[in-house]
Amino acid sequence: MDRSSLSSRSVQWAFLALAAGAWYLATATGSVSRLFLPPPREVFTALVALVQTNAFWSAVLVTASTVAKAYVLALIIGILAGYLVSRSKLAVATIEPVISGLFTIPITLFFPMFILFFGVGTGSKVAYGATYAFFPIALNTIAAFANMEQRYLLAAQSMGGNRWQIFRYVLMPGALPVLFTGLRIGFFICLASVLGGETISSVAGVGRNIALTAELMEPGRMFAWISFVVCMSVVLNLLAFSFENRIRAR
Amino acid sequence: MASLSSATSTPAASSTPIWSRLARSPFWLRIALIAAILLLLEYYGRFHADPAFMRPPSAVVEAFFTSVISEPKIVSALWLCITEISIAYGMSVVFGVAIGLIVGATKFSRAALFPIILLLFAIPQVSFMPLVILIFGLGPAAKIAFGFSHGIFPIIVNVVAGMRDVKELHLRGARSMGASKADIIRHVILPNMVPSLFTGLRLGMTLTLLGVILAELYVSTGGVGYYTRVFAENYNPAPLFALITSLAVIAIFFNEIVRIAENTLTPGKRRAPRIQSKSVQK
C-alpha cells in the first residue's frame with residue numbers, strides 16, 4: 001500500500017470513527033431523542049438478543065426465499081426476453097425504448113395493484129420484486145447481445161463455426177460482462193423492492209419487522225433490524241463486486 | 001420522431017408500399033404494440049376479468065373523470081405529491097452537485113471520500129423508511145426527506161465520475177499552454193463533466209420519484225397512499241388504476257423535463273437519446 005492510498009484509507013477510518021463518535025455523543029448527551037437514535041450499546045444488545053430468537057430467523061427466511069423466488073423469475077424471463085429481442089435489430093429499436101421508458105417510472109406506483117392481485121402474503125412481494133428486477137436484467141441482456149461487434153460474428157462464421165459454437169465461443173464471452181452487470185443491479189433492486197414491499201404492506205419478513213418495531217416505538221429493536229439489513233447489503237455488495245471483477249478479468 | 005421522418009424521406013423507401021414501410025418503422029411498430037396491448041386488456045377486462053380485480057382501460061379512463069379528477073381531495077393530494085417531488089429534486093440537485101464538486105475536486109478527496117459515497121449508495125434505503133417517517137412525521141416533510149435521500153446519491157456519483165474522467169491529454173495540453181488552476185476547472189473539467197452530470201440528474205429524478213412514492217404509499221393515513229389503499233381494499237380497481245396512471249403520467253412529465261433540459265443545455269451535437277440502454281440505474 002503506497003502513501004496516498006494509506007492516507008485515504010485513514011480518512012475513511014476517520015470518517016467511520018467520526019460517525020460512531022457522533023452517534024455515541026449525540027445519545028450520551030441526550031441531544032437527540034432516544035426514539036430517533038438509541039445509544040449504540042442499546043442497539044448492540046438488541047441485535048444480540050434478536051439473533052437468538054426464532055422469530056428473527058423465520059423472518060429472514062421469509063425475506064430470503066421471497067427474494068430468491070422473485071430473482072429467479074426475473075432472471076429467467078429477463079434473460080429470455082432480452083435475448084429474443086436482441087436477435088433482431090427492428091425488435092431492439094421497437095421494444096427497447098418501451099422497456100427503458102417504463103423503467104424510468106417508479107414501478108412502486110403499481111405496488112397497490114400487486115396487493116390487489118396477489119394479496120398481502122409473499123406472492124405479491126415475489127411478483128413485485130420480479131417485475132422490478134426484470135427491467136435491468138432485460139435491458140442489459142439486450143445491450144449485451146445486440147451491441148456485439150459484427151466483425152467477430154462474421155469471422156466466426158467464415159471460419160466455419162456452427163450456431164452453437166458461435167454462441168458458446170463468441171456471443172457468450174462477449175456478452176458476459178454487460179450481462180452480469182444487469183444481474184447484479186437486478187439482484188439489488190430485487191432485494192430493495194422486496195424489503196420495500198414488506199415494509200409497505202405485508203404480514204411477515206424483515207421489512208415488516210422494521211415497520212412493526214417503528215409502529216411499536218421500539219427504537220432499539222428497529223435499529224437492530226436496520227443494522228442487520230445494512231451489514232447484509234454491504235457484504236452482498238462486496239461479494240457481487242469481487243465476483244464481477246473475476247468475470248471481467250477472465 | 002427522427003425514426004419516422006427518416007423512414008418516409010428516403011427516396012428508396014418511397015417506391016415500396018406504405019405497409020411494408022410502416023412495418024419497418026420502429027416508431028409505428030411501437031405504437032401498434034402498445035395499441036395491441038391496450039386492446040387485449042380491453043377485451044380481457046370486458047369479457048373475462050373479475051370486476052373486483054380488473055377493469056378494462058375504457059372504464060379506467062371513465063373513472064379518471066368520475067372519481068379522480070372530480071374529487072378535490074384527491075386532486076390536492078396529487079398536487080401535494082408534485083410539490084414534494086419538486087422540492088426533493090431541487091434539494092437533491094443543489095446538494096448533490098455541491099457535494100459532488102467537493103468530493104471530486106482533488107485526487108485525494110476522491111480516493112478518500114468516493115468509496116464512502118458508493119457504500120452509502122449501495123445500502124437499501126427502504127430499511128430506513130419507517131425511521132424517516134418517525135422522525136419527520138406523517139406529513140410532506142418525510143416524503144421530501146425520503147425523496148431527497150434517494151435523489152442525491154446518483155447526482156453526487158455522476159458529478160464525481162465526470163470530474164474524474166477528464167482525459168490526461170487535455171489537462172496536460174491546457175497546462176502546457178499556461179492555463180491556471182481556475183482556467184483548467186472552468187474550461188476543461190466543467191465542460192467535460194456535463195454529459196455525466198446529466199446522466200446523474202436523470203437517474204436522480206428517477207430515484208427522487210421512487211423515494212417520494214415509496215413514502216407516500218407507506219404512509220396510508222393521508223395523501224395519495226390513503227386513496228390507493230381505500231380503492232384497493234374496497235376492490236374498486238377502476239379508480240385505483242386511474243390514480244396510479246395519473247401518478248405515472250406525473251412521473252413521465254418530470255422525466256421529460258430533465259430530458260428536454262439535457263437536450264437544450266448539452267453543448268455540441270450529441271443529443272441525449274430517449275433511451276439510455278447502457279446507463280441503466282445505479
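Which residues in α9(A) meet which residues in α8(B)? Keep that pair of helices in mind while opening the model, which is a predicted one.

**Stop 1: the helix pair**

Select A:I210, A:A211 and A:A214 in α9(A), then add B:P130, B:L131 and B:L134 in α8(B); these two sets meet each other. By class, this contact consists of six nonpolar residues, with no polar and no charged ones. Now show the two helices as cartoons and look along their axes. The axes of α9(A) and α8(B) lie 8 Å apart, and the helices pack at an angle of about 20°. Angles under 35 degrees count as roughly parallel, and α9(A) and α8(B) are therefore roughly parallel to each other. Their crossing is right-handed.

**Stop 2: the whole contact between the chains**

Widen the selection to everything in chain A that touches chain B, and the reverse. Chain A brings 52 residues to the contact and chain B brings 48 residues. To find the chain A side, colour these helices of chain A: α1 (3-28), α4 (89-103), α5 (111-118), α6 (122-146), α8 (163-200), α9 (206-215) and α10 (219-249), each of which supplies at least two residues. Colouring that side by residue class gives 35 nonpolar residues, 16 polar residues and one charged residue.

**Stop 3: a loop in chain B**

Stay with chain B and select B:Q125. This residue sits in the loop that runs between α7 (107-122) and α8 (129-136) of chain B, and α8(B) is the helix from the first stop, where B:P130 is one of the residues in the contact with α9(A). Is B:Q125 buried or exposed? Because 20 other C-beta atoms lie within 10 Å, B:Q125 is buried. Show B:S149 and B:H150 as sticks: B:Q125 touches both of them, leaving aside residues up to four places away in sequence. For a sense of distance, select B:I185, which is 60 residues from B:Q125 along the chain; the C-alpha atoms of the two are separated by 34 Å.

**Stop 4: the two domains of chain A**

Return to chain A and colour residues 1-32 as domain 1 and residues 35-249 as domain 2, following the domain assignment. How many residues of domain 1 of chain A are in contact with domain 2 of chain A? Six residues of domain 1 are in contact with five residues of domain 2. On the domain 1 side, five of the touching residues are nonpolar and one is polar, with no charged residues. Taken over C-alpha atoms, the centres of domain 1 and domain 2 of chain A are 31 Å apart.

How values were computed. Residues are numbered from 1 along each chain as its sequence is written. Chains are lettered from A and ligands numbered from 1 in the order in which they are written. This is a predicted model: local features need pLDDT of at least 70, side-chain atom pairs count only at pLDDT 80 or more; totals for chains, interfaces and linings use all residues. Domain bounds come from an automatic or database domain assignment. Two residues are in contact if their C-beta atoms, placed from the backbone, lie within 7 Å. Ala, Val, Leu, Ile, Met, Phe, Trp, Tyr, Cys and Pro count as nonpolar, Asp, Glu, Lys and Arg as charged, and the others, Gly among them, as polar. Helices (H or I, at least four residues) and strands (E, at least two) are DSSP runs, numbered from the N terminus. A residue is buried if 20 or more other C-beta atoms lie within 10 Å of its own, exposed if 12 or fewer, and partly exposed in between; C-beta atoms are placed from the backbone. Axes are lines fitted to C-alpha atoms, for helices over the stretch in contact, and angles run from 0 to 180 degrees between N-to-C directions. Angles under 35 degrees count as roughly parallel, over 145 as roughly antiparallel, 65 to 115 as roughly perpendicular and the rest as oblique. A crossing is left-handed if the near helix is turned anticlockwise from the far one by less than a right angle, and right-handed if clockwise.
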